[in-house]
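Welcome! Here are some short exercises to work through with a structure in view. Try each task on your own before you read its solution.

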Amino acid sequence: MKGVVVKSTGSWYLVRDAEGNLHRSRLRGKFKLKEMKVSNPLAVGDRVEFDVEDTGEETAVIYKIEERDNYIIRQSTHKSAHAHILAANLDQALLIVTLVSPRTSFGFIDRFLVTAEAYEIPTVLIFNKTDLYDEDVRDYQRQISHMYKQVGYDSLSVSASENQGMDELQALLQGKTSLLAGHSGVGKSTLINLLVPDLELKTSGISDFSDKGVHTTTFAEMFEVSKDTYIIDTPGIKELGIVDIPAAELGHFFPEMRERLNQCRFHNCTHFNEPGCAVIEAVRRNEISLTRYESYLSMLHGGDNRK
């Protein structure tokens, strides 16, 4: 039988077959023995082939993972030498961003965008909690939206608590499989409860001590919004480490740098301090945002502006 992984809990997976039936499944042993540099060989969104076990317990064994169209990956928080696949076979990613309570950093946004670019996943920024904005923050958000629009990323303003912008969000999701990602506390679960009211996902407030979100989603899971429309909820990401992008190729995943790659004097230019660098010159002329360039340098040199 064939199906799609809709929930991953580590050792067991929930697989939805073509008729919509759910099967509690585990991987055949040989997959676990493979030397893979990922902490999870199987992710939500993976297309698999499986056999239902004749045990009377309605369980199944997954024996084949079909080739992925794409996936979003991050450094594993538990195994430093490994990566963790957040989700696979996506039509788009929606990065939930908040400018207050908690604040999402540019470093985090840009690291996510670079990862999505590396695997050719279109990404839209969803600015949530706009009901908490004063006029200064609203103006700030307009500037940020404009900066990202200039390099090819659309954005949408919503307020989950006030139920604002939800029609536009529904339209954005229609007919696609979308990953929802962001820091803990940015309101993913509240948004999903509005999109799929029957779920009643657990939500939580913000820690007064750290102004950071409290984790409420434990495992990645796919939900059906409507026919042919699915969203994948992921545990809140505290920080996002980039995986397997060589320094010499990092600029390829910044669209504003990519379009200038052939204009630098040196073909292996890292856009740091080389003479004749078209990217550095563009930053000086304000054609490339200094904020984006600083994110690039942080990634290039292994700095930490990602939280």
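Two rings of Phe, Tyr or Trp count as an aromatic pair if their centres lie within 6.5 Å; planes under 30 degrees apart are called stacked, over 60 edge-to-face, and the rest tilted. Keep in mind that the model is a predicted one.

**Exercise 1. Aromatic pairs**

Task: find how many aromatic pairs the whole structure holds, and classify the pair of Y71 and Y119 and the pair of F254 and Y296.

Solution:
- Step 1. Searching the whole structure gives 3 aromatic pairs.
- Step 2. For Y71 and Y119, the ring centres are 4.6 Å apart and the planes make an angle of 35°, a tilted pair.
- Step 3. Y71 belongs to strand β6 (residues 71-75), while Y119 is in the loop between α2 and β9 (123-127); with their positions 48 residues apart, the pair links distant parts of the chain.
- Step 4. Y71 counts as partly exposed, at 24% relative accessibility.
- Step 5. For F254 and Y296, the centres are 5.5 Å apart with 90° between the planes, which is edge-to-face.
- Step 6. This pair also links distant parts of the chain, 42 residues apart: F254 comes from the loop between β13 (229-233) and α6 (255-258), and Y296 from helix α8.
- Step 7. F254 is buried at 0% relative accessibility, and Y296 is buried at 1%.
- Step 8. F254 and Y296 join Y293 in one aromatic cluster.

**Exercise 2. Charges over rings**

Task: name the rings over which the charged ends of R24 and R68 sit.

Solution:
- Step 1. R24 places its charged end over the ring of W12, 3.9 Å from the ring centre.
- Step 2. R68 does so over the ring of Y71, at 5.7 Å from the centre.

**Exercise 3. Cysteines without a bond**

Task: explain why C264 has no bond to the closest cysteine sulfur.

Solution:
- Step 1. Start with the general idea: a disulfide is a covalent bond joining the sulfur atoms of two cysteines.
- Step 2. The cut-off between the two sulfur atoms is 2.5 Å.
- Step 3. The closest cysteine sulfur to that of C264 belongs to C269, and it is 4.0 Å away, so it is too far for a bond.
- Step 4. C277 is in no disulfide either; its nearest cysteine sulfur, that of C269, is 3.7 Å away.
- Step 5. The count for the structure is 0 disulfides.
- Step 6. As for their surroundings, C264 is buried, with a relative accessible area of 10%, and C277 is buried at 6%.

**Exercise 4. Nonpolar cores**

Task: describe the largest nonpolar core and look for another one.

Solution:
- Step 1. In soluble globular proteins, nonpolar side chains tend to be buried together.
- Step 2. Here the largest nonpolar core has 41 residues, and I62, I72, L95, L125, Y148 and L179 have the most contacts inside it.
- Step 3. Helix α2 (residues 106-118) gives the largest share of this core, 5 residues.
- Step 4. Take Y148: among the residues it touches are F106, I109, L113 and L125.
- Step 5. A second core, separate from this one, has 21 residues, including L250, F253, M257 and M299.

**Exercise 5. Buried or exposed?**

Task: decide whether I288, K37 and T234 are buried or exposed, and place each in the chain.

Solution:
- Step 1. I288 lies in the loop between α7 (278-284) and α8 (290-300), and it is buried, with a relative accessible area of 2%.
- Step 2. Leaving aside residues up to four places away in sequence, I288 touches E256, M257, R260, V279, A282 and V283.
- Step 3. K37 lies in the loop between α1 (29-33) and β4 (47-52), and at 61% relative accessibility K37 is exposed.
- Step 4. T234 is in the loop between β13 and α6, and it is buried at 0%.
- Step 5. The side chain of T234 reaches the backbone oxygen of L180 at 3.1 Å.

**Exercise 6. A covered helix**

Task: work out how many residues of helix α5 (residues 188-195) are buried, and what covers them.

Solution:
- Step 1. Of the 8 residues in α5, 6 are buried, so the helix is mostly covered.
- Step 2. The buried residues are K188, S189, L191, I192, N193 and L195.
- Step 3. Their cover includes β8 (92-97), α4 (166-173), β11 (177-181), β12 (221-226) and β13.

Technical notes:
Residues are numbered from 1 along each chain as its sequence is written. This is a predicted model: local features need pLDDT of at least 70, side-chain atom pairs count only at pLDDT 80 or more; totals for chains, interfaces and linings use all residues. Side-chain values use heavy atoms; hydrogens and water are left out. Helices (H or I, at least four residues) and strands (E, at least two) are DSSP runs, numbered from the N terminus. Buried means under 20% relative accessible area, exposed over 50%, partly exposed in between (1.4 Å probe, protein chains only). Contact means heavy atoms within 4.5 Å. A nonpolar core is a set of buried Ala, Val, Leu, Ile, Met, Phe, Trp, Tyr and Cys residues joined through side-chain atoms within 4.5 Å. Rings of Phe, Tyr and Trp (its six-membered ring) pair if their centres lie within 6.5 Å; planes under 30 degrees apart count as stacked, over 60 as edge-to-face and the rest as tilted. A charge sits over a ring if NZ of Lys or CZ of Arg is within 6 Å of the ring centre and within 35 degrees of the ring normal. A polar contact is a pair of N or O atoms within 3.5 Å; within protein, one must be able to donate a hydrogen and the other to accept it, and residues adjacent in sequence count only if both atoms are side-chain atoms.
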